[in-house]
Amino acid sequence: MTSPKPKPIQTMKPETAAKKLGILLSATPAEFRAGVISRDELNELQSSPPAWLADLRRNGPHPKQVVAAKLGVSISGLTRGGITEPLTTAEIDALKAENPAWLERERSIQAETRKEALRLKQR
C-alpha cells in the first residue's frame, strides 16, 4: 500500500491575488508584487488583513471594478463617463456628491439592466 501524496501548494501570481483582494496591484508593497502568493497566504490576508491592505481597501486607489461597484455603474459606464484611471475613496465620494449627468445616466442604465436580469431569472 502506498502512502497518500502530499497536497501540492496552490500558488497564484500577485496580479491574481490583488484581483481576489479587490485592490490595485500597483499600490501594493513591493514584497507583495515580488513573489507568488499561496492559497493559505491569501486566506490569511482576507481573514486578518495587515495595515497596508486595510488602508488600501479603505482609501484606495481602487481598481475599476471596485470604483464601478462603489458608484453603482458598470465598468463600461465608467469608460463612457471618461473615468479610465483608478480613483481614491475621496475622489469617488466627490463624484457621488457632484452627481454629474453621465453618472446619473449610467446608474439608471445599470438599474434597468438589473431589473431585466431579475425578470429573466424569475421566468
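**Close-ups of a predicted model**

**Figure 1. Gly-72, just past the end of helix α5.** Right after α5, Gly-72 takes a positive phi of about 75 degrees. This is a predicted model, so keep that in mind for every panel here. Gly-72 also turns up in the contacts of a residue from another helix: Gln-110 touches Gly-72, along with Val-73 and Ser-74, once residues up to four places away in sequence are set aside. Gln-110 itself sits in helix α8. Is Gln-110 buried or exposed? With a relative accessible area of 16%, Gln-110 is buried, because the cut-off for buried is under 20%.

**Figure 2. The whole chain, for orientation.** Before zooming in further, here's the lay of the land. The protein chain has 8 helices and 2 strands, and reading along the sequence gives the pattern β-α-α-β-α-α-α-α-α-α. The C-alpha trace spans about 65 × 45 × 20 Å along its principal axes. For 123 residues, a compact globule would have a radius of gyration near 14 Å, but this chain comes in at 19 Å. Buried residues make up 30% of the 123. Take the contacts between residues at least 6 apart in sequence, and 56% of them join residues at least 24 apart.

**Figure 3. Helix α1 against helix α3.** Here we're looking at α1 (residues 14-21) and α3 (residues 39-47), which pack at an angle of about 30 degrees with their axes 11 Å apart. Angles under 35 degrees count as roughly parallel, and α1 and α3 are therefore roughly parallel to each other. The crossing of α1 past α3 is right-handed. On the α1 side, the residues to pick out are Ala-17, Lys-20 and Leu-21; they meet Arg-39, Leu-42, Leu-45 and Gln-46 of α3. Sorted by class, that contact has 4 nonpolar, 1 polar and 2 charged residues.

**Figure 4. What helix α5 tucks away.** Which residues of helix α5 are buried? In this helix (residues 64-71), they are Val-66, Val-67, Ala-68 and Leu-71. The cover over these buried residues includes α6 (75-80), α7 and α8 (101-121). One of those partners, α7, gets its own panel next.

**Figure 5. Helix α5 against helix α7.** This pair packs at an angle of about 35 degrees, with axes 10 Å apart. The crossing of α5 and α7 is right-handed. Val-67, Lys-70 and Leu-71 make the contact from the α5 side, and Ile-92, Leu-95 and Lys-96 make it from the α7 side. By class, you get 4 nonpolar residues, no polar ones and 2 charged ones.

**Figure 6. Leu-95 and its surroundings.** Leu-95 belongs to helix α7 (residues 89-98). At 12% relative accessibility, Leu-95 counts as buried. Which residues is Leu-95 in contact with, leaving aside its neighbours within four places in sequence? Look for Leu-71, Ile-83, Leu-87, Pro-100, Trp-102 and Leu-103. To tie this panel back to Figure 1, Leu-95 and Gly-72 are 23 residues apart in sequence and 12 Å apart in space, C-alpha to C-alpha.

**Figure 7. Thr-89 and a cis proline.** Thr-89 is another α7 residue. With a relative accessible area of 17%, Thr-89 is buried. Apart from neighbours within four places in sequence, Thr-89 is in contact with Arg-58, Asn-59, Gly-60 and His-62. Gly-60 is worth a second look in this view: the peptide bond from Gly-60 to Pro-61 is cis, with omega near 10 degrees. Most peptide bonds are trans. As for where Pro-61 is, find the loop between α4 (51-59) and α5.

**Figure 8. Asn-99, in the loop after α7.** What is the phi of Asn-99? It is positive, at about 45 degrees, although Asn-99 is not a glycine. Most residues other than glycine have a negative phi. Asn-99 is found in the loop between α7 and α8. At 28% relative accessibility, Asn-99 counts as partly exposed.

Technical notes. Residues are numbered from 1 along each chain as its sequence is written. This is a predicted model: local features need pLDDT of at least 70, side-chain atom pairs count only at pLDDT 80 or more; totals for chains, interfaces and linings use all residues. Side-chain values use heavy atoms; hydrogens and water are left out. Axes are lines fitted to C-alpha atoms, for helices over the stretch in contact, and angles run from 0 to 180 degrees between N-to-C directions. Helices (H or I, at least four residues) and strands (E, at least two) are DSSP runs, numbered from the N terminus. Angles under 35 degrees count as roughly parallel, over 145 as roughly antiparallel, 65 to 115 as roughly perpendicular and the rest as oblique. A crossing is left-handed if the near helix is turned anticlockwise from the far one by less than a right angle, and right-handed if clockwise. Contact means heavy atoms within 4.5 Å. Ala, Val, Leu, Ile, Met, Phe, Trp, Tyr, Cys and Pro count as nonpolar, Asp, Glu, Lys and Arg as charged, and the others, Gly among them, as polar. Buried means under 20% relative accessible area, exposed over 50%, partly exposed in between (1.4 Å probe, protein chains only). The radius of gyration is taken over C-alpha atoms; the globule rule is 2.2 Å times the number of residues to the power 0.38.
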